[in-house]
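Here is an informal tour of a protein model, written for someone who likes to know what the atoms are doing. Have the viewer open as you read.

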Amino acid sequence: MTTERTKTYPLSNKQLKPKKNVDCMWERARQRNRGEKKMMEEEKEGERSGPPCACGVDISVLPEGCISDTIALTTPKDACRACAVSSIFRAAAESNAVWESFLPSDYQAIIARSSSDSLSFSSKKQLYLSLSDNPILIDDAKKRFFLDKLSGNKCYLLSARELTIAWGDDSRYWRWVSLPESRFSEVAELSFVCWFDINGKMSTSMLSPKTNYAAYLVYKLRSRAHGFKHHLPTASIGTTGGGEVYEQTVGLGLPAVEPGQQDQVVLPQLQQQHTSRPKQRNDGWLEIELGQFFNEEGEADELRFGLKEVKCLSVKSGLIVEGIEIRPTRG
């Protein structure tokens with residue numbers, strides 16, 4: 001039996017060329033891999049060094065006045081944060097130029113209306129913080145002026161003597177008494193009244209422009225208080241220049257909301273009404289919102305606010321009024 005054997009022949013030069021092409025392909029692949037690796041290393045180095053436009057820039061070489069001008073365009077809260085950036089930023093953020101910009105433009109005139117002699121501070125920042133944390137008495141101690149700490153907007157607490165109270169000068173209905181916890185020398189205590197009407201007013205020029213404000217009655221209720229749970233007074237706020245007057249009912253006798261709690265009206269008969277509820281203040285007094293008002297920038301107008309109950313004429317007693325506070329809203 002014949003066995004067939006496979007014959008082999010030497011490869012020709014033409015058949016060897018593909019091997020050379022493969023070697024070239026491998027070489028190009030290695031070069032491409034080296035190029036990609038180099039690009040990745042350069043990208044990582046760029047991430048460590050920051051963006052190309054920031055390379056070689058040292059912000060500390062900028063003049064302190066330039067940094068101060070920039071910080072002055074922010075807020076008091078941002079200025080305090082800037083102090084933690086660096087010593088250069090701290091010096092700029094604590095400069096008088098920055099905190100002068102946060103103070104109201106008429107702050108010197110307002111301070112001049114105070115009888116206090118303890119308003120000398122070594123820096124504008126100290127003055128700003130003092131006006132935020134320690135309100136001053138102005139206008140014969142009938143108003144308290146302070147700044148909103150976050151924004152620097154102007155705030156006022158008008159004493160009961162600055163308000164118009166129906167029958168307030170008749171000792172049969174209202175008594176003027178002194179309380180150690182009050183910021184004023186006297187407050188108004190309701191003895192007995194059926195016609196309940198309290199009003200206040202002020203010029204909008206006293207307030208910060210382009211700011212949303214709210215008015216709050218600051219008060220207390222005696223344990224024997226009567227007449228504020230069922231026949232609710234109506235609060236109002238608006239300007240005499242023809243703007244919209246905001247009105248709502250206020251539940252002076254409702255349970256107060258503690259600081260940090262949500263404001264919820266819990267009485268079923270009030271759930272369908274737009275009713276404001278009292279809140280407990282950190283100073284021990286209660287406050288209840290009477291309404292809100294947006295102060296435009298322009299000509300001075302007269303802002304009026306108050307609350308009254310003159311329909312049911314039910315007997316009311318036991319209310320202590322310290323005043324009405326006007327301050328910016330939050331959020």
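## Salt bridges, counted

A salt bridge here is a side-chain nitrogen of Lys or Arg within 4 Å of a carboxyl oxygen of Asp or Glu. With that rule, a search of the whole structure turns up 25 salt bridges. Keep in mind that this is a predicted model.

## The overall picture

The protein has seven helices and 15 strands. Of its 331 residues, 38% count as buried. The protein exposes about 20,300 Å², and carbon and sulfur atoms supply 51% of that area.

How do the contacts spread along the sequence? Among contacts between residues at least 6 apart in sequence, 67% join residues at least 24 apart.

## Strand S2 and its neighbours

S2 (143-147) is a good place to zoom in. How many of its residues are buried? Five of its five residues are, so the strand is mostly covered, buried being under 20% relative accessible area. In a regular strand the side chains alternate between the two faces of the sheet. In S2, Lys143, Phe145 and Leu147 sit on one side and Arg144 and Phe146 on the other, and both faces are covered.

S2 has pairing partners in S1 and S3. With S1 (136-138), the pairing is antiparallel over three bridges, and Ile136 stands opposite Phe145. The two strands make a hairpin with four residues between them, where Asp139 in the turn has a positive phi of about 55°. With S3 (residues 154-159), S2 runs antiparallel and is joined by five bridges. Phe145 turns up again here, standing opposite Tyr156 in S3. This pair is a hairpin as well, with six residues between the strands and a positive phi of about 85° at Gly152 in the turn.

## Helix H7 and what covers it

Helix H7 covers residues 124-133, and its buried residues are Lys125, Leu127, Tyr128, Ser130, Leu131 and Ser132. What covers them? The cover includes helix H3 (76-82), helix H5 (96-102) and helix H6 (107-112), along with strands S1 and S2.

## A threonine link across S9, S10 and S11

Strands S9 (residues 234-239) and S10 (residues 246-250) pair in the antiparallel sense over four bridges, and the bridge partner of Thr234 in S10 is Thr249. They form a hairpin with six residues between them, and Gly242 in the turn has a positive phi of about 95°.

S10 also pairs with S11, this time in the parallel sense over two bridges. In S11, Thr249 has Thr275 as its bridge partner. The side chains of Thr275 and Thr249 are also joined by a polar contact of 2.9 Å. Is Thr275, which is found in S11 (residues 275-276), buried or exposed? Thr275 counts as buried because its relative accessibility is 10%, below the 20% cut-off.

## Individual charged pairs

Side chains of opposite charge can pair when their charged atoms come close. One such pair is Glu162 and Lys143, whose side chains meet in a salt bridge (3.0 Å, N to O). This pair links distant parts of the chain, with Glu162 in the loop between S3 and S4, Lys143 in S2, and 19 residues separating them. Lys143 is buried at 10% relative accessible area, whereas Glu162 is partly exposed at 28%.

Glu296 and Lys210 also meet through their side chains, at 3.1 Å, N to O. They are 86 residues apart, with Glu296 in the loop between S13 (286-295) and S14 (302-309) and Lys210 in the loop between S7 (196-203) and S8 (211-226). Glu296 is partly exposed at 49% relative accessibility, and Lys210 is partly exposed at 48%.

Asp78 and Arg81 both lie in helix H3, three residues apart, about one turn of the helix. Their closest N and O atoms are 3.9 Å apart. Asp78 counts as partly exposed at 32%, while Arg81 is exposed at 52%. Elsewhere, Arg183, Arg281, Asp283, Glu287, Glu322, Glu325 and Arg327 are linked in a network of salt bridges.

## A nonpolar surface patch

Which residues form a nonpolar patch on the surface? They are Trp167, Trp195 and Leu313, with about 340 Å² of accessible area together. Trp167 is found in the loop between S4 (164-165) and S5 (174-177), and Trp167 is partly exposed at 48% relative accessible area.

Key: Residues are numbered from 1 along each chain as its sequence is written. This is a predicted model: local features need pLDDT of at least 70, side-chain atom pairs count only at pLDDT 80 or more; totals for chains, interfaces and linings use all residues. Side-chain values use heavy atoms; hydrogens and water are left out. Patches are made of residues with over 30% relative accessible area and no salt bridge: like charges are joined within 9 Å, nonpolar side chains (Val, Leu, Ile, Met, Phe, Trp, Tyr) within 5 Å. Accessible areas come from the Shrake-Rupley method with a 1.4 Å probe; for residues, only the protein chains shown count as cover. Buried means under 20% relative accessible area, exposed over 50%, partly exposed in between (1.4 Å probe, protein chains only). Contact means heavy atoms within 4.5 Å. A polar contact is a pair of N or O atoms within 3.5 Å; within protein, one must be able to donate a hydrogen and the other to accept it, and residues adjacent in sequence count only if both atoms are side-chain atoms. Two strands pair if DSSP finds at least two bridges between them.
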